[in-house]
Every structure is written in C-alpha cells, then in structure tokens.
Amino acid sequence: MTFEPKRVFFEKDALEYEMGKRLYKIFRDKNIEVSELKSHNRVTEIPGNTPQQAYFEGKNTLVVGVRHTLKFQSCKPSAHYQLPLVTSCMGMCTYCYLNTQLGKKPYIRVYVNIDEILNQAEHYIKERKDEITLFEGAATSDPIPTEPYTGALRQAIEFFGRQENGRFRFVTKFTEVDSLLDAKHNDHTTIRFSINAAPVIQQYEHRTPGMLERIEASYKIIRSGYQIGFIIAPVLLYDGWEKDYSIMISELAKELGDFKDNKIHFEIISHRFTAKAKNNINEIFPNNNLPMNEEERKFKYGQFGYGKYIYNKEQLDNMKSFFIDRLKKVFSNCEIDYII
Ligand code: SF4
C-alpha cells in the first residue's frame, strides 16, 4: 500500500537540500501536482470546504519542508525524546489518536534536513553522557508510508546503530519495510506493529494494510534481527471479540514460527474516547458505527483536566485475563508491558 499523494507542496528552502531535489524529481516524473509554497510554514492551498473534504484532501497532500525547530519534544514516559521525521499519516483510522491534534487538514509533512535532525539527536545523547537515550519516531505520525520516498527511517536506524548510547523505536500499521531489512541497526532499534482483530481493521482502519499483511511484515522484521513488539489497540469488546482476537493471536504465532519464543513485547490498550474525540470523529465520519455510547462506559478523569470514557471494571478485568492467558500460553518469553 504505497502512499500516492494527490499534490505535493515544497517549501522554498527544501529545494536547496539533496533530498528536496530528489523528491521534487520523483513526484514530477509521476505526474503528481507539484508546487512551491508561497510562504514558509503556511499551507493554505489545500481544497476542502466541509470537515470531511478538508480531512480527505489533507490526507492526500504531502508537504516537503525543512525542520527549523531543532528542539525536540519530550516523549515521556515511553522515551526521552520524539524524533521528528514525519508528521501525520496517509491512514484514515476512525479512532486515530492524531485526529484531534493535527488540525482540520491533516496533511503529511516530511523533512529534508535529516542530517541536521540526527546531529541534534547526537547532541541530546551526548548531553546524557553514559545513560541510554531513547528516541520515539512515531509520536506524531506513522513514519512508514513516506519511507519509500525519503529513506529517512533507514538513515535514522543506521545512525542509531552507530550510537553506543542512543536507541530508537517506532510503531507502524504499515508494511513497506523491505528497505529496512538490511539496514545496519546493530540491535539498537525496536520496531513495533500496531495490530488488531481483522474485522476491527476492516471497519475502522481505512487505508491501512490488513491484519495478515502486518503480521507478515513483522516476520520480515524479526527475521532481520530487530527487536519487535506489538501494540494491540484499541481493543473493542463487542459480541464475539474473544474469537476474533484469538484468531489474531494464533495467526501471529503461526507466522512468527520459531521466533515466537523471542522476547516479544506486547502493549494492550482498550478502546476509550473523550468528548472532544467523539465530536471530531462524528464530524469527519458521520456514518461511523464506532461504539461511543457514554452510558455504556465508565467516566474517568484524566490528568489534563478532561475525562475519558472507558470500559467498566468487569469488562477490563475480563479483557486483561484473556490476553495474559492467551499470550503467555503462545509466546513463552513474551513481556506484557501493560494492559489498560
Ligand atoms: Fe492514525 Fe496510525 Fe491510523 Fe495513521 S495508521 S491514521 S497514525 S492510527
């Protein structure tokens, strides 16, 4: 599933970089509409008057820019810093965690000054001296769909491979991993796959690869010596969920073969929503059937002053024992980092 943008905008100074020039040629040769942005950092030419049009047109737009802010955001508690490689993603998942963060036109942005970004990462690593510094490459994006064009992830993986005290990780729902397989990662990068039961992917994770394709991609990655993990999220507790998630777990075990006894990390997150996310989802996907009935959920106050609707205790306890039981049985050395 390759990302084919409908239009690509270039910031003027992006064309001074080798990657900028290369991308310009690639998209011109593909006959994709290419133009220069009139003003830096303001993307005003994406069409779309209704919330749906704005969202869909945004998701089909690529902006090639220069990352000027080289102060990295922190990424607690999972990593020390976010590594800014890409923002947004071509996927159109109904419940995407980025939906409330990226504005009405969530265009995809890549950065051509990857060398400067990695130099800055090195600076942060040195600052912490002998301690390991961990960078997260998917805090504001799924970085795989643009990788066949930019090669930025591969460059980052090889950079961290050379860093004694730098480590890298990212998560993806996508499968274009072939260019990463022979990268010199030196066991310093962990690649996590976000997976779900097949019917959930089919209904809610639009424009992303299916369950089996993701599982196949994870096999290629583990076979190439990377550490891998799986995020099973969001878990939806509908009638028959146990059967669908059991199929997912056995397909995973089947595909990973002997590698299933590696130390594989699992993170499991039950479905939850905030009032803001619900409004946003209903605006963009007016016909969605995502279960978001407040009366069927428990309200939990969040740390930033807004609350979320989660499953009740009994449902969550049931879900927790289901996953602990199944995963431990099949993946003998797995680590379940958390189930929430
Ligand atoms: Fe969001 Fe991930 Fe889906 Fe992309 S693949 S839309 S980042 S949830």
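Which residues touch the most other members of the largest nonpolar core? They are Leu 83, Phe 135, Phe 168, Tyr 245, Phe 266, Phe 323 and Phe 331, and the core they belong to has 101 residues. Keep in mind as you look around that this is a predicted model. Here's a quick tour, starting from that core.

**The cores**
- Helix α8, spanning residues 241-256, gives the largest share of the 101-residue core, with seven residues.
- Apart from this core there's another one, made of five residues, including Phe 9, Leu 37, Ile 46 and Val 63.
- As a bit of background, nonpolar side chains tend to be buried together in soluble globular proteins.
- Take Phe 331: setting aside neighbours within four places in sequence, Phe 331 is in contact with Ile 249, Leu 252, Ala 253, Leu 256, Lys 260, Ile 264 and Phe 266.

**Strand β11 and its partners**
- Strand β11 covers residues 189-195, and six of its seven residues are buried.
- On one pairing, β11 runs parallel to strand β10 (residues 166-172), with five bridges joining them.
- Phe 168, which we met in the core, stands opposite Thr 189 of β11.
- Strand β13 (residues 227-235) also runs parallel to β11, and six bridges join these two.
- Within that pairing, Ile 195 has Ile 232 in β13 as its bridge partner.

**Leu 181, out in a loop**
- Look for Leu 181 in the loop between β10 and β11.
- Leu 181 has 22% relative accessibility, so it counts as partly exposed.
- Beyond its neighbours within four places in sequence, Leu 181 is in contact with Lys 220, Ile 221 and Ser 224.
- From Leu 181 to Asn 293 you'd go 112 residues in sequence and 43 Å in space, C-alpha to C-alpha.

**Around the ligand**
- The ligand is surrounded by Lys 59, Cys 89, Gly 91, Met 92, Cys 93, Cys 96, Leu 98, Lys 173 and Phe 174.
- By type, this shell splits into six nonpolar residues, two charged and one polar.

**Cysteines without disulfides**
- You'll find zero disulfides here.
- Generally speaking, a disulfide is a covalent bond between the sulfur atoms of two cysteines.
- For Cys 75, the closest cysteine sulfur is in Cys 96 and sits 15 Å away, so the two are too far apart for a bond.
- Cys 75 counts as buried because its relative accessibility is 10%.
- Cys 96, one of the residues around the ligand, also counts as buried, at 18% relative accessibility.

Conventions. Residues numbered from 1 in each chain as written. Predicted model: local features only at pLDDT ≥ 70, side-chain atom pairs only at ≥ 80, totals over all residues. Heavy atoms only, no water. Disulfide = S-S within 2.5 Å. Buried < 20%, exposed > 50% of the residue type's maximum accessible area, 1.4 Å probe, protein only. Core = buried A, V, L, I, M, F, W, Y, C linked by side-chain atoms within 4.5 Å. Helix = DSSP H or I, 4+ residues; strand = E, 2+ residues; numbered from the N terminus. Contact = heavy atoms within 4.5 Å. Pairing = 2+ DSSP bridges. Near = heavy atom within 4 Å. Nonpolar A, V, L, I, M, F, W, Y, C, P; charged D, E, K, R; others polar.
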